[in-house]
Amino acid sequence: MQTVFSIAVDALAYGMVLFVISIGLSVTMGLMRVVNLAHGAFAMIGGYIASYAARDLGLGYAVAVVAAVVATIIIAIPLERFLYRRIYGAPELTQVLMTIGITFCIIGIANYAMGPTLKTIPLPGALQGSADLGFRTIPIHRLFAILCGLAVALALWFAIERTSFGVKLRASVDDAAMAAALGVRTEIIYAVSFAVAVGLAAFGGVVGAELLPVEPYYALRYMVTFLVVVSVGGAGSIPGALIACLLLGAIDTTGRYLMPEFGEFFFYLAVIAIICVFPRGLAGRMK
């Protein structure tokens, strides 16, 4: 029972970290129609900035998280304005080539600026240790990651489904020309959406650093994982992304606990099975 409980907690935490990082990619792919393979690079940038702020500058964990999110968004703004804006509506191959190029450029800069070693983000005392539930203890950081995932899911769902910004975003996606004719500034909507996606990636990169260590090839190592999660969940679907992350997180964690020699075999076997049954993902939007 202890093993089952440990698997469940680790799977839930891992799934929520995947969700926080991947949901931004789901938004850009499903709503903005941009295949942004550099998404993981922004999570890596957030992790590097938080590590520098906490370890080298001595700032607190909360300040480091905020600094990572804000700084990553600031870095992404000119990229969106001068690079990404050129590929909105472009063929998917063009988007893939552009974002792959951006990924390798960011990796090169990260190696030069931060060095080729793994970076850690010191946890505050409040997130260290374990919480005693009476029958079992749970690492507090795992609980923190789970709560962050739930908070992001609720906040993003509310923003897209229940606010005027969400209405404008969906209108811009469905018919950008008509939305612009009605007074919606589509370029602003896309820029804000991109900034939110990047900010979530950075936030997830920091919160999930204990589970997905920050290192120079982070963007390449997890690129396929993030893309797979979005594809399985259905691009643009928040519930679909959440279900996919929890499901795949559970399968991957269980496999690594019970049969570690198989690596990610069960993860990708599940992906193949789900895509065969649900070609557009568990809750994919029709194009």
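Is Phe262 buried, exposed or partly exposed, and what is its relative accessible area? In this predicted model, Phe262 falls in the partly exposed class, because its relative accessible area of 40% lies between the 20% and 50% limits. The same reasoning places Phe265 among partly exposed residues, since its relative accessible area is 43%. The two rings form a tilted aromatic pair, with 5.8 Å from centre to centre and 50° between the planes.

The surroundings of this pair can be described next. Residues 262-282 are one of the spans that an unreviewed UniProt entry annotates as "transmembrane region". Over residues 262-282, helix accounts for 62% of the chain and strand for 0%, with the end C-alpha atoms 26 Å apart. Residues 96-114 carry the annotation as well; that span is 100% helix and 0% strand, and its end C-alpha atoms lie 26 Å apart.

Aromatic contacts occur elsewhere too, and the structure holds 11 aromatic pairs. One of them joins Tyr84 and Phe194 in a tilted arrangement, at 4.6 Å between centres and 50° between planes. This pair bridges distant parts of the chain, 110 residues apart: Tyr84 belongs to the loop between helix H3 (61-82) and helix H4 (92-114), while Phe194 belongs to helix H8 (residues 186-207). Both Tyr84 and Phe194 are buried. Ring pairs also bring in Phe42, giving a cluster of Phe42, Tyr84 and Phe194.

A contact of another kind involves Arg81, whose charged end sits over the ring of Phe82 at 5.4 Å from the ring centre.

Technical notes
Residues are numbered from 1 along each chain as its sequence is written. This is a predicted model: local features need pLDDT of at least 70, side-chain atom pairs count only at pLDDT 80 or more; totals for chains, interfaces and linings use all residues. Side-chain values use heavy atoms; hydrogens and water are left out. UniProt positions are given in the numbering used here, feature names are shortened, and annotations may be inferred rather than shown by experiment. Helices (H or I, at least four residues) and strands (E, at least two) are DSSP runs, numbered from the N terminus. Rings of Phe, Tyr and Trp (its six-membered ring) pair if their centres lie within 6.5 Å; planes under 30 degrees apart count as stacked, over 60 as edge-to-face and the rest as tilted. Buried means under 20% relative accessible area, exposed over 50%, partly exposed in between (1.4 Å probe, protein chains only). A charge sits over a ring if NZ of Lys or CZ of Arg is within 6 Å of the ring centre and within 35 degrees of the ring normal.
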